[in-house]
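These are my notes from a session with one model, taken down in the order in which I looked things up.

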Amino acid sequence: MIEKLKLPIVGALTAAISIALVLLGNPGNMGFCIACFLRDTAGALGLHGAVAVQYVRPEAIGIVIGALIVSLVTKEFSSKGGSAPVTRFILGACVMIGALIFLGCPLRMVLRIAGGDINALIGLTGFVGGILLGMFFLKKGYSLKRTYDVSKTDGFALPILSLFILMTLIFIPSILLFSESGPGAARAPMIIALAAGLIMGAVGFISRLCFVGGIRDSVMFKNFSMLSGFIALLVVGIIGNIIFGQFNLGFENQPVAHTEWLWNILGLGLVGFGSVLLGGCPFRQMVLAGSGNSDSTITVFGMVFGAAIAHNFSLASSPAGTTTNGRVAFVVAVAIVIAIAVYNTFFNKKVRTKV
Amino acid sequence: MTTLDARGVSCPEPLLMLQTALKTDKSLVLLVDSKNAFENCESYARKQGFTVETEIDDDTFKLRII
């Protein structure tokens with residue numbers, strides 16, 4: 001019984017923490033957003049020059065460290081990797097470009113819907129479409145091949161880097177960049193944001209919450225447990241937002257969002273498609289990276305790279321809408337992801353599974 | 001009895017391999033190396049009416065699905 005309730009509880013907890021973070025200062029409907037947090041962190045490190053989105057998000061660091069701590073305690077920390085890392089880096093970058101065209105990762109998509117943002121609800125159709133497309137390739141035999149044991153320096157790389165950045169934020173913030181206005185300037189107190197991230201990393205590891213997995217497993221295996229977390233997050237999010245006066249149903253004037261419905265669908269479609277090929281959504285990649293998976297670490301680096309180029313070359317959308325560069329980048333990114341999917345489904349030498 | 005080696009492949013490939021194999025095989029041995037894959041595959045096989053015996057050896061979970 002408790003096992004069955006695990007994911008709904010985690011979903012509800014995620015909604016509660018997210019609403020609290022917004023009330024304490026985070027941008028609207030952005031209690032958690034992996035794409036946004038990695039983009040802000042990339043900005044704080046000077047990897048892009050968009051002054052409105054520069055801040056080392058303690059939530060992102062917390063997720064990695066939370067997953068690390070629990071995986072060490074449960075002895076599930078395992079340094080593994082080597083499954084097409086460069087391909088994963090590229091997929092991570094493409095997923096980030098899709099997320100920044102929509103303005104949010106799948107987790108923020110749900111939080112936006114829970115805040116009454118109908119643009120995100122429309123975007124959800126694209127997300128599902130992208131997942132179904134990814135599943136088509138999975139069923140045809142798509143694989144990035146096996147992971148193997150790797151050095152612990154690989155497994156611990158992201159947790160140590162995260163701690164290093166956290167120490168910099170605490171002790172020498174002057175070398176980092178901080179937004180003075182815009183989403184990067186909207187932030188919950190550092191210690192609370194860090195604690196929220198730690199909790200999410202811990203429960204994310206225990207529950208294996210994944211926003212792509214929820215939809216994928218429901219369709220593919222008729223396993224609705226992950227989806228139940230998704231639904232609990234949505235329901236508790238809607239109720240919480242109504243109680244705290246954060247619910248604003250409609251298309252217009254939504255926080256950090258635009259109303260170009262086609263691009264919301266396409267952006268999230270790319271996120272869904274790329275995430276299925278990666279084996280998990282951006283949140284799941286962060287949690288796996290914290291627990292020693294160096295393929296996920298490479299994916300996170302790819303997402304940071306994607307965020308940097310998205311802002312350096314004006315690919316990312318803004319509340320004013322998408323950009324021409326962003327639309328061109330979308331086409332290029334989709335072509336790359338399709339090429340990766342096709343090659344690793346139909347042309348790559350198959351993994352030998354029968355012993 | 002067929003042995004399927006699903007060690008090291010990404011989620012959800014182990015479950016997908018198992019799902020495909022169970023369409024033709026009435027019994028098989030499945031090797032996985034993550035608790036995640038182990039739990040997913042064990043639960044799926046049980047739901048399909050199979051009996052699952054498990055051996056854990058270092059990093060490998062060996063599921064005998066009958």
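I began with confidence, since I am working from a predicted model: chain B has a mean pLDDT of 92, and 100% of its residues reach 70 or more. For the complex I noted the predictor's own scores, an ipTM of 0.92 and a pTM of 0.96.

Entry on the sheet of chain B. I traced an open sheet of four strands, with mixed pairing, and wrote down its order as β1-β2-β4-β3. Which strands stand at the edges? I found β1 (2-5) and β3 (52-57) of chain B there, and because each has a single partner strand, one side of each is left without a neighbour in the sheet. When I looked up the turn between neighbouring strands of this sheet, the average came to 20 degrees, direction ignored.

I then followed β1(B) to its partner, strand β2 (residues 28-32) of chain B, and found that the two run parallel and are joined by four bridges. Within this pair I located Leu4(B), which stands opposite Leu30(B) in β2(B). Next I looked for what packs on the sheet, and noted helix α2 (residues 35-47) of chain B, which touches β2, β3 and β4 (60-65) of the chain. The direction of α2(B) makes about 10 degrees with that of β4(B).

Entry on the cysteines. How many disulfides are there over all chains? I count one disulfide, and it joins Cys33(A) to Cys36(A), with an S to S distance of 2.2 Å. I recorded 70 degrees about the S-S bond for Cys33(A) and Cys36(A), which makes the link right-handed.

Are the two partners buried or exposed? Cys33(A) has a relative accessible area of 0%, which is under 20%, so I list Cys33(A) as buried; Cys36(A), at 2% relative accessibility, counts as buried too.

I also checked Cys281(A), which is in no disulfide: its nearest cysteine sulfur, that of Cys210(A), is 4.0 Å away, whereas a disulfide needs the sulfur atoms within 2.5 Å. With a relative accessible area of 1%, Cys281(A) is buried.

My last look-up was Cys11(B), which is likewise in no disulfide. The nearest cysteine sulfur to Cys11(B) belongs to Cys210(A), in the other chain of this pair of residues, and lies 7.1 Å away. Because its relative accessibility is 28%, between the 20% and 50% cut-offs, I entered Cys11(B) as partly exposed.

Terms used. Residues numbered from 1 in each chain as written. Chains lettered and ligands numbered in written order. Predicted model: local features only at pLDDT ≥ 70, side-chain atom pairs only at ≥ 80, totals over all residues. Heavy atoms only, no water. Pairing = 2+ DSSP bridges. Axes fitted to C-alpha atoms, helices over the stretch in contact; angles between N-to-C directions. Contact = heavy atoms within 4.5 Å. pLDDT = per-residue confidence, 0-100. Buried < 20%, exposed > 50% of the residue type's maximum accessible area, 1.4 Å probe, protein only.
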